[in-house]
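The following note was prepared for a colleague who wishes to review the structure point by point. Please read it beside the sequence and the model.

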Amino acid sequence: MRKRWRRLLLIVLAVVVGLALLVLLTGTLVLRGSLAQLDGTIPLEGLLDEVTVTRDALGVPDIQAGSRQDAARALGYLHGQDRFFQMDLQRRSAAGELAALLGPALLATDRDTRRHRFRTRAEQAMLVMPSRDLDLLLAYADGVNAGLDNLRVRPFEYLLLRAKPEHWQPEDTLLTLYAMYLDLTFSSVHEERQLGMARDHLPEALFRFLTPQGHRWEAPLQDTPVPGVVIPDSSAVDVRNWTFKGRTYQGFRAFLDSVSRHDSSGSNNWAVAGKLTGHGGALLANDMHLAHGLPNIWYRACMSWPEGDGTRTVVGVTLPGTPILVVGSNGQLAWGFTNSYGDWSDLVQLETAPGDSTQYLTPDGWRETTLVRETVAVKGAAPDTLWLEQTVWGPIWGTDTLGRRLALRWTPHDLVTVNLNLGHLETAKNVQEAVALAGNLGIPQQNLVCADDQGQIAWTI
């Protein structure tokens, strides 16, 4: 009897181990099916000429194309094979369409983001885009979809979500840029609200002290000098006798002591002029501090195509979802970005009609807020309907601590703030050309630091 039970136990154990190995083997084969193809010849519809892609030991691709448009199509193919799920999340986060993929838990996030109406703005921006840039977007989108379709198995994230990836559309590239606006400049909206609350509830002298326009160590861009910081004395402000919402000064200090300290965010870039280098060319270093993610947000690449009597080669990092080199070098010019943390938004305090909050005063007289309907798709649930109130300045953004209605005025709500002009840096010859291009690059407002092979360096916003 013991031998029989022992034999039965061994059989059961062998079956369990065999099933586990079968599941592991099947899972491995499925996951390997979603990996990018690294070797061979691939027909890619729409190419004007043959494109060669090689990868170094770290997997960084080198794209040798017959034109910039072909390079964009090939880069799209690589992005589609290597990074499509990342790209999908970026476009959905900007469009307020995460719940359609991830379920009801993301509905509140989508409702908040929909107030910007970025998908509608992206479609409108496409209508005024130069034909060259539009062709680049179309080629890139076709490349992305070809890369996605040529995977033997859809990216594994969609297997886990039991979802099918949706094809990339040209306007999704602009949504990717809007996602970067949300990441890099939306914090100024929260700061506006905090400043408004401080202005309404702090003594004026204390508010001016806490929100100085500058100090003597700054080098302002405007010609007029920045007023200094005036420290109020107790005759102007006595915080010991000041309270806010029942909290005394002592209670406020105790609250500050209980808050854990965090390092401030910030990026770094440096440039060294040619007069300080041995070769006479300038040097540039750029360190963009963005949140850690898996995968890393950037995608390293090298691209080459014929230009004039020679070849244009650019090397650096791209942003999956876009066909342009974000940061890098073209051999004559190197450029880098760090976030500027400027004042890129306003919360407009509306003067509304008595008894009717939909009527508000503008420089041209009284206007009525308009309603826009948005429908949010939700995986596993009924669609959600959202009504958005719009003003001449932007969407209604709630009320302040005194109950006054606020409208959001934020730079990416203007159509001119998203475009493909960043691509002009790929062919800029020196820092003068880069600085001249900087004000119209169609990306979140950044510190641009650049250096050229003539030894010149420059900085601007």
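1. A definition comes before the hairpins: two strands pair if DSSP finds at least two bridges between them. The model under review is predicted. Strand β10 (residues 352-353) is joined to strand β11 (residues 356-362) by 2 bridges, and the two strands run antiparallel. Alanine 353 has aspartate 356 of β11 as its bridge partner. Together β10 and β11 make a hairpin with 2 residues between them. In the turn of this hairpin, glycine 355 adopts a positive phi of about 80 degrees.

2. Strand β11 also takes part in a second hairpin, with β12, and here too 2 residues lie between the strands. Strand β12 covers residues 365-368 and pairs with β11 in the antiparallel sense over 4 bridges. Within this pairing, the bridge partner of leucine 361 is tryptophan 366 in β12.

3. As to the overall fold, the protein chain contains 12 helices and 18 strands. Its C-alpha trace spans about 90 × 80 × 50 Å along the principal axes. The chain has 461 residues, of which 42% count as buried. Of the contacts between residues at least 6 apart in sequence, 62% join residues at least 24 apart.

4. Helix α9 merits separate comment. The helix has 15 residues, and from its first C-alpha to its last it reaches 22 Å, close to the 21 Å expected at 1.5 Å a residue. Its buried residues are Ser188, Val189, Glu192, Gly196 and Ala198. In general, an α-helix has 3.6 residues a turn, so residues three or four places apart point the same way. The partners against which the buried residues of α9 pack are α10 (204-210), β9 (345-349), β15 (396-399) and β16 (405-410).

5. Is histidine 190 buried, partly exposed or exposed? This residue belongs to α9, which comprises residues 187-201. Histidine 190 counts as partly exposed because its relative accessibility is 47%, and the partly exposed class lies between the limits of 20% and 50%. Its C-alpha atom is separated by 9.5 Å from that of leucine 347, although the two residues are 157 apart along the chain.

6. Turning to internal space, how many cavities of 30 Å³ or more does a search of the whole structure find? The search finds 1. The largest cavity has a volume of about 40 Å³. The residues that line the largest cavity are Leu184, Thr185, Ser187, Ser188, Glu191, Asn339, Tyr341, Gly342 and Trp344. This lining divides into 3 nonpolar, 5 polar and 1 charged residues. Helix α9 gives the most to the lining, with 3 residues. Ser188 therefore appears in two roles, as a residue of the cavity lining and as a buried residue of α9, where buried means under 20% relative accessible area.

7. A last point concerns arginine 73, which is placed in helix α2 (residues 68-95). Its relative accessible area is 6%. Arginine 73 is buried because this value falls under the 20% limit. When residues up to four places away in sequence are not counted, arginine 73 touches Leu44, Glu45, Gly46, Leu47, Ala139, Tyr140, Asp142 and Gly143.

Note on methods: Residues numbered from 1 in each chain as written. Predicted model: local features only at pLDDT ≥ 70, side-chain atom pairs only at ≥ 80, totals over all residues. Heavy atoms only, no water. Buried < 20%, exposed > 50% of the residue type's maximum accessible area, 1.4 Å probe, protein only. Expected span 1.5 Å × (residues − 1). Contact = heavy atoms within 4.5 Å. 1 Å grid on protein atoms, 1.4 Å probe; cavity = no way out; pocket = protein on both sides within 12 Å on 5 of 7 lines; lining within 4 Å. Points joined across faces, edges and corners; volume = space filled by probe spheres on them. Nonpolar A, V, L, I, M, F, W, Y, C, P; charged D, E, K, R; others polar.
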